[in-house]
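Me: I have a structure open and want to learn how to read it. Take me through it feature by feature.

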Amino acid sequence: MTHLYRPILSLLVVLCCVAQGQAQQTEAAFISGNFKSATFEEFAREVEAQTNYQFYFDATAVDSLSITLQVKEQPLSNVLSQVFRNTDLQFAIDAAQRVFVTRGTQLSVSLPKNFFEPVENTGDSAPQVAANRLQGEEKEVKKAGSELKLYEIGVKREGATGKANLAGHLRDFKTGEPIIGAAVYIESPLIGTTSDQYGYYSLTLPVGRHELKVKAIGLQNTRRHIMLYSEGKLNIDIAEDVRTLKEVLVEAEKDKNVSGLQMGMEKLDIRTIKQVPTAFGETDILRVVLTLPGVKSVGEGSTGMNVRGGSTDQNLILFDDATIYNPSHLFGFFSAFNPDILKTVELYKSGIPAKYGGRLSSVLEVTSRDGNKKEFAGSGGIGLLTSRLTLEGPIQKDKTSFLIGGRSTYSDWLLKKLPNKSFNESSAGFYDINGHISHEINEKNTLYLNGYLSKDRFQLGADTLFRFSNQAASLKWKHIFQNKLYGVLTGVYSHYDYDVTSKKNPVNASRLTFGINQSNLQADFSYFPTSKHTVDFGASSILYNVNPGTLTPNSPESLIAPDRLQAERALESAIYASDRFDITRRFSVSVGLRYSFFNALGPRSVNTYAPGAPKTEGTIQDTAVYKSGDVFATYHGPEYRLSARLGLTDNSSVKLSFNRMRQYIHMLSNTTSMSPTDVWKLSDANIRPQVGDQLALGYYRNFRANTIEFSVEGYYKKMQDFLDYKSSATLVMNHHIETDVAGAEGKAYGVEVMLRKATGKMNGWVSYTYSRTLVRLDDAETGEKINNGEYYPSNFDKPHDFTLISNYRFSQRFSTSVNFTYSTGRPITLPLAKYTLGNSQRIYYSDRNAYRVPDYYRLDLALNIEGNHKIKKLAHSSWTLAVYNLTGRRNPYSIYFKAEEGRINGYKMSIFGQPIPTITYNFRF
Amino acid sequence: MQMYTRRFKSIICCCLLLLGGCVEPYAPEVIEGPNHYLVVDGLINGNGITTVKLSRTQNISEESMPMAEMGATLLLEEEQGAQYPLHEAVPATYVSSSLNLDLTKKYRLYIRLSTGREYASEFVDVKQTPPIEKVGWEALDNSLQLYVSSRDPQKNTQYYRWEYEATWAYTAALNSNIKYDEATGTIVPRTRSDENIYNCWRTDYSTGIKLGSSAKLSEDVIHEYPILTLPAASEELRIKYSILVKQYALTQEAYQYWEALRKNTESIGTLFDPLPAQLTGNVHSLANPDEPVIGYVGASSVQEERLFVSREELPKEWRYFYPTCQMDSLMPAEGQTLADLAERFKYDAYMPVTEIYAPDGPPAPIGYMGAVKGCVDCRTRGTNVKPDFWE
């Protein structure tokens, strides 16, 4: 910068004094000359000598320029255009015949139109900010804030034709957070795209003048006038539409239902989630996800999700790219995600992008917000069981922001109320902490750092104490190579562990621990070669380290023999590529392939069982010992990802998708509900990976200018080798777990119908699902047969499911939400006969899951009262009054028969058998 | 079905006002199975009398006693060796003579029903059961915890199962000093020659499955396994209580069977309890291996230990059980005599307790106090014969 021809400060002073003027305004001074390999400095002196023009430039910016040019009586602007052709240098000439040469961004020689006008803040329209950079620092990207100004993009060339690429970030005007899923498009010809999870968009447009429109629900619609010359960047800040703060239900592109290629994907925005009443007044994303078509659970109080007939371990739950193994708190009554720090939740049920893999049924991607980049802010809530507080703000304004959130519980009193004596003597609690830092190094590089910690403890009865903990950290570096290509490098560490300690009986006092560590490294690239293609490719690798179980004595008198299951290690790697090809406006396909590899690593001793015979301790033929790092089992295979969309009309389309998934990690559980002490097991020489195929077909139609969305999706799914357990299996501290589990196969099919209205006073959705999930266990290798090897309904096979989620806004400040859910009762195993053995009546059970509990239905009601809507006030607050299970129906969770005092008694257990009123106070500042 | 509902009357539905969680009695739609599978209940006793009961499964809604399987032929068979017959001591209960089995051999139970169908259990090892180290008790806050400790220095046992027989002394609620004399039709005083209907003993057998394992321990030790908890206010603890604990060593396979049976029928229904499973055992039909037969016939010796707990040893501050009963005063109505009143006690169900005298009248009764038999005659629930082991 030392070579600046004139000091920058004086330039600014001068600029401020210039009257309104046009860029490239030229006097009638013509230039003639013959330059041969001249430097720009030589060229400038020559021009200054011939005319009154004065040049201002940074010598380093032009030192690479070599000018060979013959001109005769040409205006300066034409000459400069030729000189700067094919460079990123820009020039501007002001009224005082000063020529400013800059790199990248053209210097504006006039002030924006509203530069001296006061900033509006009425709330109806958010203030716009003069965006052009007056500072001398190099800027390649235009940051467009004005709807009226014409933004020139790229290197100006006269009469240029063809196409050029425009890319940039969409950001929230107020907080600087990226805007996800906004539509960016021009209308003639209709070319558009949507912003990705970083708020990034990339469009290839014909060169020329366009009106670029940006639409996102919940934000003000905005437009920018652009003059596109060549490849360039344009960042757009968009103001939140304050009036629709609580109106927004589902943030998605209005016509994405029909026009997007993706099917089987549900995207929920935190504002939607907050409207749905929950049992304890705490916003719970997993509860809301469970209301979506195709997502089921065995019952209330269990967070385990079953997506389209998949088991609970077949969901990849990503929280800011980190895998979360146990997404629940407190027996599943709370989800592990603090609602205040969340931005969006995306659930992929079919048409899963090639980027994701490793689980059979679904991907649930939970994304936290970036902190406010402009000012310090906070929010929180006080509920009956939990309280939470979130703080956020800039560390370096517009560049770096932080977000930190915490949540804790005071739930012991709840347990005292539970009907079971052992619960009365119990205690329970949890907390979680989230941290998020995003740092924009420069326009091309951004860093994101996330941290997450959750801890739970509960003591059942007076003896056994359970504790479990999730920990996750991720570091993400996004680099934009050029407009059409960007890459994200992500490093993730996630950890889950639990321990169970018992010390009542000193001789048996023990501590059982389980832990899983996962380290990921992945690189993902997105490439936009033309407006018709979007190519994603990348590679990932996961190193697993599992401690399947360690048992140690927990008191000096304890006789517990220390025992440790062999540690498991494995490397799961994948490469993928996919191309979305928009063949015509109506027809697009996405073809993807993911190839995954799995290597089980030593040190380990591995049992070999007699081929063909059931695996038991008696059929162990050989035990091979592998050294550290030895690969003792390898699995690999392709995973196909195909989807296609055919637009029938502007308002309707048909989509088809097929995907194959492979899963190398399994959860072992013999309880109905997902339990915190379930064991995760890696595939190895004796346990094969699970493979699942899904074919889905859907019809989509929008009504009333895209305000009402209708969709019908059908699917058929086949799953192989997912683990079921044998009767009387021991899943904890088992040195040869393969003898106690069996490979099951499953099939699932169904139709999901959904009608959704996203905007307006009345919004919400209605869905109906018919689905079946069947399992078959007839494994010759394990000698295990259930129900004679016939297909039987799985625990969560609930054929009919109807859900209504609705929200009605009476006024700006009052809104109500009503939920209604109906589903067929889940299958259970009932006693077929009784007999007397050992002085007591006992039960002989029917075939597994041959009967069902009575049907389930529930009605919830919530009332939201907002404080006033003044934009400037100390804190915004709201009250939520809700009644969960308004009718007080005792929906049976389970029906069971127990031998008590020698007799068989039947019981029906319901978890929430009464209306549960809650009140929550929320605030943000 | 009515009977079925009545069964649950005593179970209180405890619904929470706030949380609303709820466990209610439930009688399902009647599940009727056409099959009545054979149930084999017993184990091979390595050093004593083997007792096996044969019965049939019945539908859940049936209230009758399980169908007994009588007239069967049972043999205790040594693998490639001797056969020891069992004889039907009482209907459907088959007993052997006292045997001392060879611990190095395997044994099984062979059954031939009166219909000619043949069944056999799998051959099993005879486990040597170590002696019970101690049966003890501990007074907790408001209950008595009974526990059993055991030890096998040879470390051969590892898996244990216990049963118990609890016996306690009790009295009727009301001590009657008069009785109805059938010969004269009058009320007469009780004398020494009358049966004691006030002091009795009652014996109950364990119903739950009590299992312990030392497999995870470095020594083969069971330390204070809680076998039974009695509330302080239970009748058992009012006077004197005794428990006879029987210990059986199990093979790992047998342990797994009992553990599965326990989970299936006792530990079930809460959020994280395991799902029920179909469970049969180790007895099979010789003709049709797919026919479900219920029961696991293991083999082991039996060890026993008895414990007494009397009221004097227990905490003084506990609130103990005290039997109460409603008494009626019966006075002759106009024109009635005491003899007419005595008629009321003619049937055994209603018994006289004591005579009523006028406060300042002559020393002749003017009426009787009466109560239902259960309040007066302790034999309705037990026996007035003192058990021979009673101290």
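Me: Start with a detail. In β43(A), which residue is the bridge partner of Arg701(A)?

Reply: This is a predicted model. To read a pairing, pick a residue on one strand and look across. Opposite Arg701(A), the bridge partner in β43(A) is Phe710(A). The strands involved are β42 (residues 690–703) and β43 (residues 708–725) of chain A. They pair in the antiparallel sense, over 13 bridges.

Me: What should I look for in the turn between β42(A) and β43(A)?

Reply: Check the length of the link, then the backbone angles. This hairpin has four residues between the strands. Among its residues, Arg704(A) takes a positive phi near 45 degrees.

Me: How many bridges join β43(A) to β44(A)?

Reply: Follow the strand to its next neighbour and count again. β43(A) is joined by 16 bridges to β44 (residues 741–757) of chain A, and the two run antiparallel. For a landmark, find Tyr725(A): Val741(A) in β44(A) stands opposite.

Me: Give me the wider view of chain A. How many helices and strands are there in chain A?

Reply: Begin with the inventory, then turn to burial and contacts. Chain A has nine helices and 59 strands. Of its 925 residues, 48% count as buried. Now take the contacts with a separation of 6 or more. Residues 24 or more positions apart account for 65% of them.

Me: Now a helix. Which residues of α2(A) are buried?

Reply: List the buried positions, then look down the axis. Helix α2 covers residues 40–50 of chain A, and Phe40(A), Phe43(A), Ala44(A) and Val47(A) are buried there. Down the axis, these buried residues fall within an arc of 95 degrees, so they line one face of α2(A). Check the other side as well: Glu42(A) and Ala49(A) are exposed there.

Me: What covers the buried residues of α2(A)?

Reply: Trace the contacts outward from the buried positions. The cover includes the strands β1 (30–38), β2 (54–56) and β3 (67–75) of chain A. It also includes the helices α3 (59–62) and α4 (76–83) of chain A.

Me: α4(A) is on that list. Which of its residues are buried?

Reply: Repeat the helix reading. In α4(A), the buried residues are Leu76(A), Val79(A), Leu80(A) and Val83(A). They cover an arc of only 95 degrees around the axis, which puts them on the same side of α4(A). Their packing partners are β1, α2, β3 and β4 (89–93) of chain A.

Me: Next, a loop residue. Is Val507(A) buried or exposed?

Reply: Place the residue first, then count its surroundings. Val507(A) lies in the loop between β30 (485–502) and β31 (510–527) of chain A. Val507(A) is buried: 20 other C-beta atoms lie within 10 Å. That count meets the cut-off for burial, which is 20 or more.

Me: Which residues does Val507(A) touch?

Reply: Set aside residues up to four places away in sequence. Val507(A) then touches Glu557(A), Ser558(A) and Leu559(A), and also Val221(B) and His223(B).

Me: How do I read an open sheet that involves both chains?

Reply: Write down the strand order, then find the edges. One open sheet of three strands runs β57(A)-β58(A)-β1(B), with antiparallel pairing. At the edges stand β57 (892–900) of chain A and β1 (22–25) of chain B; each has a single partner strand, so one side of each is left without a neighbour in the sheet. From one strand to the next, the twist averages 30 degrees. Eight bridges pair β57(A) with β58 (residues 903–910) of chain A. One of the pairs is Lys898(A) with Asn905(A) in β58(A).

Me: And which strands form the open sheet in chain B?

Reply: Use the same steps. The order is β12-β13-β19 in chain B, with antiparallel pairing. Its edge strands are β12 (132–139) and β19 (221–231), each paired on one side only. Here the twist averages 20 degrees from one strand to the next. β12(B) is joined to β13 (residues 143–151) of chain B by seven bridges. To find the register, start at Ala139(B): its bridge partner in β13(B) is Leu144(B).

Key: Residues are numbered from 1 along each chain as its sequence is written. Chains are lettered from A and ligands numbered from 1 in the order in which they are written. This is a predicted model: local features need pLDDT of at least 70, side-chain atom pairs count only at pLDDT 80 or more; totals for chains, interfaces and linings use all residues. A residue is buried if 20 or more other C-beta atoms lie within 10 Å of its own, exposed if 12 or fewer, and partly exposed in between; C-beta atoms are placed from the backbone. Two residues are in contact if their C-beta atoms, placed from the backbone, lie within 7 Å. The arc is that of the directions from the helix axis to the C-beta atoms. Two strands pair if DSSP finds at least two bridges between them. Axes are lines fitted to C-alpha atoms, for helices over the stretch in contact, and angles run from 0 to 180 degrees between N-to-C directions.
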